[in-house]
Amino acid sequence: MEGLSAANCRAKGGSPGFKVAILGAAGGIGQPLAMLMKMNPLVSVLHLYDVANTPGVTADISHMDTGAVVRGFLGPQQLEDALTGMDLVVIPAGVPRKPGMTRDDLFNINAGIVKTLCEGIAKCCPKAIVNIISNPVNSTVPIAAEVFKMAGTFDPRRLLGVTMLDVVRANTFVAEVLGLDPREVDVPVVGGHAGVTILPLLSQIKPPCSFTPAETEYLTSRIQNGGTEVVEAKAGAGSATLSMAYAAVKFADACLHGLRGDAAIIQCAFVFSQACILNILMLKFLCSLYMLTSHNFILEHWQLGGS
Ligand SMILES: NC(=O)c1ccc[n+]([C@@H]2O[C@H](COP(=O)([O-])OP(=O)(O)OC[C@H]3O[C@@H](n4cnc5c(N)ncnc54)[C@H](O)[C@@H]3O)[C@@H](O)[C@H]2O)c1
Ligand SMILES: O=C(O)C[C@H](O)C(=O)O
């Protein structure tokens, strides 16, 4: 259409829905996550923020003929515009690990990134639900909590470490062992998001099933080491991105349904839990292996919606 640019198209009526920002939107997770969020009918506005390459990703995603209006934001000077008015902020910003690294090896870089982004959230959209994907989740979530506490905006119901990939993997691997369709399987995974802190509750799965000791050992180990399996297979080219984007969208969609007021939206996440502090201290005393406990955070079934 000659003479007609995106800027002078007629104003849209504006579909009802939620405003979602993705921080780190041009990365390995961010791009497929942005694509999948653009397909979510609950999203009316999608803000894509990154320190690099957002114009290209935004132009690309914005051509999809779905309802959400997409806007791109590049660099720290545009962070506040990206965040203002958001209902949900998803953070996959930060470096991924390479073979031989642990998630904790990412701490020095990613802690600073998450801190800065959360300062922006506290200022521009303090009521937003925040989904943190950046590793090490067991540390980045407590860092975000401290930023929000300092700003006086901390609400434990709104800060969620995304551990959905552990659930997605558990459902897949358990279904393989049982010969079931993974969509029929629901495995709660509690704890944290690193090694032995990932605790699949194989006794609590739906449909109820039992496992031999060998199956339990295989499944526990495979679920706990799923991230490393992908890092090694990618051989230096990063960590899980596509399955993570899928898991992140599944989790974000649950958050949006909860925000909409839908009943019985229940998912596992890494959340703050006051009630667990006593147990945590006891556990710490009994078993120093449970490093996650030092943060007073524990993964729980988390209920956002009504009963
Ligand atoms: N929670 C989980 O289950 C899970 C699963 C997979 C990966 N991860 C983690 O997610 C993170 C991202 O992984 P990836 O594969 O997408 O990495 P990536 O390197 O492909 O992408 C990261 C993106 O973050 C951007 N970025 C860097 N600093 C930024 C800042 N200050 N503000 C905004 N954006 C910034 C980069 O420009 C890049 O586009 C890693 O820390 C990884 O370990 C977590
Ligand atoms: O393992 C990683 O480094 C990425 C992520 O935490 C995962 O579980 O795939």
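This tour goes through a predicted model, from the whole chain to its domains, core, one helix and two ligands.

**Whole chain.** Start with the protein chain in cartoon view. The secondary structure comes to 10 helices and 10 strands. Of the 307 residues in the chain, 45% are buried. Among contacts between residues at least 6 apart in sequence, 71% join residues at least 24 apart.

**The two domains.** Next, colour residues 18–162 as domain 1 and residues 164–298 as domain 2. Their centres, taken over C-alpha atoms, are separated by 21 Å. The contact takes 32 residues from domain 1 and 31 residues from domain 2. To see the domain 1 side of this contact, select α1 (30–38), β4 (88–91), β5 (129–132), α5 (137–151) and β6 (159–161), the elements that each give two or more residues to it. The most come from α5, with five residues. By type, the residues on this side of domain 1 divide into 23 nonpolar, five polar and four charged.

**The largest nonpolar core.** Which members of this core touch the most other members? Select Ile22, Leu88, Val89, Ala144 and Ala248; these are the ones, out of 85 residues in the core. Then add helix α9 (residues 242–260), which gives the most to the core, with 10 residues. Both domains take part: the core draws at least three residues from each of domain 1 and domain 2.

Now centre on Leu88. Leaving aside its neighbours within four places in sequence, Leu88 is in contact with Phe18, Val20, Ala128, Ile129, Asn131, Ala252, Cys255 and Leu256.

**Helix α6.** Move to residues 164–178, which form helix α6. At 1.5 Å a residue, its 15 residues should span 21 Å, and the end C-alpha atoms are 21 Å apart, so the two values agree. Which residues of α6 are buried? Show Met164, Leu165, Asp166, Val167, Val168, Arg169, Ala170, Asn171, Phe173 and Val174 as sticks; these are the buried ones. To see what they pack against, display β7 (189–191), β8 (198–200), α7 (213–224), α8 (226–234), α9 and β9 (266–272). Gly179 follows the helix, and its phi is positive, near 70°.

**Ligand 1.** Select ligand 1 and the 32 residues around it; Gly24, Gly27, Gly28, Ala93 and Asn135 come nearest. Helix α4 (residues 107–124) supplies the largest share of this shell, three residues. The shell divides into 18 nonpolar, 12 polar and two charged residues. At least three residues of the shell come from each of domain 1 and domain 2.

**Ligand 2.** Finish at ligand 2. What surrounds ligand 2? Select Pro96, Arg97, Arg103, Asn135, Leu165, His193, Gly226, Gly227, Val230, Val231, Ser239 and Ala240. Asn135 also belongs to the surroundings of ligand 1, and Leu165 is one of the buried residues of α6. The most residues in the shell around ligand 2 come from α8, with four. By type, the shell divides into five nonpolar, five polar and two charged residues. Why is ligand 2 placed between the domains? Domain 1 and domain 2 both give residues to its shell, so ligand 2 lies between them.

Technical notes
Residues numbered from 1 in each chain as written. Chains lettered and ligands numbered in written order. Predicted model: local features only at pLDDT ≥ 70, side-chain atom pairs only at ≥ 80, totals over all residues. Core = buried A, V, L, I, M, F, W, Y, C linked by C-beta atoms within 7 Å. Buried ≥ 20, exposed ≤ 12 C-beta atoms within 10 Å, placed from the backbone. Domains from an automatic or database assignment. Contact = placed C-beta atoms within 7 Å. Expected span 1.5 Å × (residues − 1). Near = placed C-beta within 6 Å. Nonpolar A, V, L, I, M, F, W, Y, C, P; charged D, E, K, R; others polar.
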